[in-house]
Each structure stands twice: as structure tokens, then as C-alpha cells.
Amino acid sequence: MDYIYYVDELEKLHNQEIVHISNLDEMEDDLPKLYRLVKSSDAKAVSFYIVEGKKSPIGIIVLLYKDPIACKMEKAKIIMPSIQKLAILLDYENK
């Protein structure tokens, strides 16, 4: 895979804690590089969960959905506690 500079788009995501996109066409203008990756996966919806370290973002979890997602907040309530545990493990330099 060729190198693609994603920093600008990742910064847009890092400024938010959770980003849900039910209609991928909405993603095309704001996140064109990530849009191409998600679109090529045949996903109908995507969620981005930012893994926050003590001082800065340390990762991102991307969930791809076969069908458009309806209840966004219910999924976030289930996923966020696990992401917090993962953040503790990944942010080992700042313990």
C-alpha cells in the first residue's frame, strides 16, 4: 500500500471523542482519504472511537458496520468502558 498522509484527518477525529457516520457520503468531503478506505471495505456505516492517553490521543478504534447504525449512544455506552481499560494499558509511558 502506498504511503498516504492521514495526519490532518486523524486530527479532526482526535478533536472529538466519538464519531459516528451512518451515511458514508457525508464523510467524503471532511475525511476523503479515510472515506476511500472505508468505502473500499463495503461498510455502510463507521464509528471512530478515540483512545485517549493521559497527555494526548494514543490510538483509534474503527468499527465498520454492514448496515447503517441506528442507536449510536447505546453502542458507545457498551464500548467506552473497554476503551478506557485499553487506554490504561497502551499509555504505559505515562504511568
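Student: Where is Ser 22 found?

Tutor: In this predicted model, Ser 22 sits in the loop that links strand 1 to helix 2.

Student: Is Ser 22 buried or exposed, and how do I read its relative accessible area?

Tutor: A residue is buried under 20% and exposed over 50%, with partly exposed in between. Ser 22 has a relative accessible area of 24%, so it counts as partly exposed. There is also a long-range neighbour to look at: Ala 45 is 23 residues away in sequence, yet the two C-alpha atoms are 4.6 Å apart in space.

Student: How many helices and strands should I look for in the protein?

Tutor: You will find 4 helices and 3 strands. Starting at the N terminus, the elements follow the pattern α-β-α-α-β-β-α. Along the principal axes, the C-alpha atoms fill a box of roughly 40 × 35 × 20 Å.

Student: How do I read the sheet, and what is the order of its strands?

Tutor: Start from the pairings. Strand 1 (residues 18-21) is joined to strand 2 by 4 bridges, and these two run antiparallel. Strand 2 also pairs with strand 3 (residues 57-65), again in the antiparallel sense, over 8 bridges. Together they give an open sheet of 3 strands in the order 1-2-3. Strand 1 and strand 3 stand at the edges with a single partner strand each, so one side of each has no neighbour in the sheet. From one strand to the next, the twist averages 10°.

Student: Which residues can I use to check the register, for instance opposite Ser 47 in strand 3?

Tutor: Ser 47 faces Leu 63 in strand 3, and Ser 47 is also the bridge partner of His 20. Two further pairs help you: Ile 18 stands opposite Tyr 49 of strand 2, and Glu 52 stands opposite Pro 57 of strand 3. That last pair belongs to a hairpin, in which 4 residues lie between strand 2 and strand 3.

Student: How many residues of strand 2 are buried?

Tutor: Strand 2 (residues 45-52) is mostly covered, with 7 of its 8 residues buried. For the protein as a whole, 29% of the 95 residues count as buried.

Student: What lies across the sheet strands, and at what angle to strand 2?

Tutor: Helix 1 (residues 7-14) does, crossing strand 1, strand 2 and strand 3 and running at about 80° to strand 2.

Student: Which side chain of opposite charge is nearest to Glu 9?

Tutor: Glu 9 is part of helix 1. To call something a salt bridge, we want a side-chain nitrogen of Lys or Arg within 4 Å of a carboxyl oxygen. The nearest candidate for Glu 9 is Lys 33, at 5.0 Å, and Glu 9 is buried without a salt bridge. Leaving aside residues up to four places away in sequence, Glu 9 touches Asp 30, Leu 31, Pro 32, Lys 33 and Leu 34.

Student: How should I think about nonpolar cores, and which residues have the most contacts inside the largest one?

Tutor: In soluble globular proteins, nonpolar side chains tend to be buried together. Here the largest nonpolar core has 14 residues, and Leu 13, Ile 21, Leu 24, Met 27, Val 46 and Phe 48 have the most contacts inside it. Strand 1, helix 2 (24-30), helix 3 (32-40) and strand 2 each give two or more residues to this core. Another core, of 9 residues, lies apart from it and includes Ala 45, Tyr 65, Ala 76 and Met 80.

Student: Which residues does Met 27 touch?

Tutor: Not counting residues up to four places away in sequence, Met 27 touches Ile 21, Pro 32, Leu 34, Tyr 35, Val 38, Val 46 and Phe 48. Across the protein, residues 24 or more positions apart account for 46% of the contacts with a separation of 6 or more.

Student: What is the phi of Asp 42?

Tutor: Most residues other than glycine have a negative phi. Asp 42 is not a glycine, although its phi is positive, at about 65°. Asp 42 lies in the loop between helix 3 and strand 2, and with 60% relative accessibility, it counts as exposed.

Methods: Residues numbered from 1 in each chain as written. Predicted model: local features only at pLDDT ≥ 70, side-chain atom pairs only at ≥ 80, totals over all residues. Heavy atoms only, no water. Buried < 20%, exposed > 50% of the residue type's maximum accessible area, 1.4 Å probe, protein only. Pairing = 2+ DSSP bridges. Axes fitted to C-alpha atoms, helices over the stretch in contact; angles between N-to-C directions. Contact = heavy atoms within 4.5 Å. Lys, Arg positive; Asp, Glu negative; His and termini not counted. Core = buried A, V, L, I, M, F, W, Y, C linked by side-chain atoms within 4.5 Å.
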